[in-house]
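Here are a few short exercises to work through with the model open beside you. Try each task before reading its solution.

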Amino acid sequence: MTSPSSEQPGRRGNPATGTPGGRRPRRGVLVGSAVVVAVVIALIGGVVGGVIVRATDGSNDHSTSLANASGDTRCPGVAVADKVLPSVVTITVRQSGAQGGGGSGSGEIIRGGGYILTNDHVIASGADGGHIDVVFATGRTEPATVVGRSTEFDLAVLRVQSTGDFPVITLGRSEPLRVGQPVVALGAPLGLQGTVTSGIVSALGRDVSVPAAGGQTARLPGSIQTDAAINPGNSGGALVDCGGRLVGINTAGATVPNPAGGSSSGSIGIGFAIPVDLAIVITDDLIRSGRFTPPAVGMTTAPIPPAVADQLNVDGGLYVQSVSAGGPAARAGLQQGDVVTSLDGKPASTPDSLLLASVHKRAGETIAVEYVRSGNTSKATLTLGGG
């Protein structure tokens with residue numbers, strides 16, 4: 001959706017596109033050539049594509065923070081492994097039909113009664129008439145059924161029916177994580193059950209896209225970047241803090257494109273995990289209803305270009321393209337043509353800013369919105385609606 005470049009800020013034209021011109025220096029812009037990596041989902045077996053992503057502009061404060069060189073960057077590996085490995089499982093998938101095939105990945109026991117959390121891409125090939133088995137740390141194997149899937153956010157919940165004392169993983173929080181904090185990844189890379197690797201939180205707030213089932217694209221909003229080795233087969237496994245508490249779901253690893261063709265193999269120290277704060281909200285809905293729908297905000301937005309941000313004297317923002325009549329945004333007083341600059345005190349500077357502010361919340365919770373209208377800055381409280 002475009003509009004003539006002659007539209008002025010605050011008018012009802014669409015400043016989501018703008019004219020080039022003089023710009024004041026922008027904070028956090030990378031200098032030099034764009035950094036390009038290929039992100040591949042960490043699943044062993046099956047045919048898996050990759051997607052090229054570019055480094056963000058560093059507008060997220062956490063993502064460009066440096067680790068404290070004098071801080072402790074190691075977890076007590078033996079203690080963490082002893083505590084967490086009993087709740088980490090290996091998932092094997094066999095497709096039905098003449099073609100057969102399948103793959104394997106990882107997961108963790110997330111709730112009593114046999115509920116297991118993993119990535120959707122791990123079980124996608126066996127979700128429709130295939131066979132999914134769960135191998136526990138003891139070596140016991142049980143068939144599993146799919147409880148619910150969120151292809152859009154690459155999460156799925158399985159359940160094994162056999163009764164028993166399932167060791168449930170301890171839940172942590174991803175919101176308090178800091179760059180440089182030590183973490184441990186556990187799973188079954190290349191099918192090697194019970195593998196443990198350690199590293200640090202390399203960055204926070206990474207918005208990553210990965211291939212998903214049916215040719216779709218899954219979104220990993222606000223993901224955790226880590227240098228703990230994440231290889232094919234680690235998908236769905238646990239990323240934990242030094243107390244053995246789950247802070248992320250290991251999902252993807254990056255590879256560097258080879259000029260001669262193909263990509264490097266194995267971990268290059270850039271992996272991505274879905275934050276547990278988001279994963280648990282989705283998990284609860286999958287267990288309750290079999291599907292996840294983000295809470296409603298009642299508006300559509302698009303990022304404004306730097307030229308428009310310069311005119312508004314803001315670092316960036318989201319242009320409100322439309323507002324649903326009677327919806328949450330309308331009730332908060334927002335209108336088409338507003339430029340949202342802040343959500344819950346964080347800059348609304350990326351396409352996923354609105355999603356990040358809402359997806360981990362539930363209907364009835366609120367988002368603090370700061371916006372510009374006709375050159376004036378105002379504030380509103382948006383109460384989320386049901387999805």
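**Exercise 1. Work out how strand β4 is joined to β5 in this predicted model.**

Solution. Start with the pairing: β4 and strand β5 (residues 115–118) run antiparallel and are joined by 3 bridges. Next, pick out one bridge: Arg111 has Tyr115 of β5 as its partner. Finally, look at the turn: the hairpin of β4 and β5 has 3 residues between the strands, and Gly113 takes a positive phi near 95° there.

**Exercise 2. Find how β3 pairs with β4, and which residue of β4 is the bridge partner of Ile91.**

Solution. First, follow the two strands: β3 and β4 are antiparallel, with 7 bridges between them. Then go to Ile91, whose bridge partner in β4 is Gly105.

**Exercise 3. Decide how far β4 is enclosed by the rest of the structure.**

Solution. Buried here means under 20% relative accessible area. In strand β4 (residues 102–111), 8 of the 10 residues are buried, so the strand is largely enclosed by the rest of the structure.

**Exercise 4. Sort residues of helix α1 into buried and exposed, and explain where the buried ones lie.**

Solution. Step one: in helix α1 (residues 77–84), the buried residues are Val80, Ala81 and Val84. Step two: these residues lie on the same side of α1 because they cover an arc of only 100° around the axis. Step three: turn to the other side of α1, where Val78 and Asp82 are exposed. Step four: ask what covers the buried residues; the cover includes β3 (88–94), β9 (182–187), β10 (195–211) and β12 (238–240).

Key: Residues numbered from 1 in each chain as written. Predicted model: local features only at pLDDT ≥ 70, side-chain atom pairs only at ≥ 80, totals over all residues. Heavy atoms only, no water. Buried < 20%, exposed > 50% of the residue type's maximum accessible area, 1.4 Å probe, protein only. Helix = DSSP H or I, 4+ residues; strand = E, 2+ residues; numbered from the N terminus. Arc of directions from axis to C-beta. Contact = heavy atoms within 4.5 Å. Pairing = 2+ DSSP bridges.
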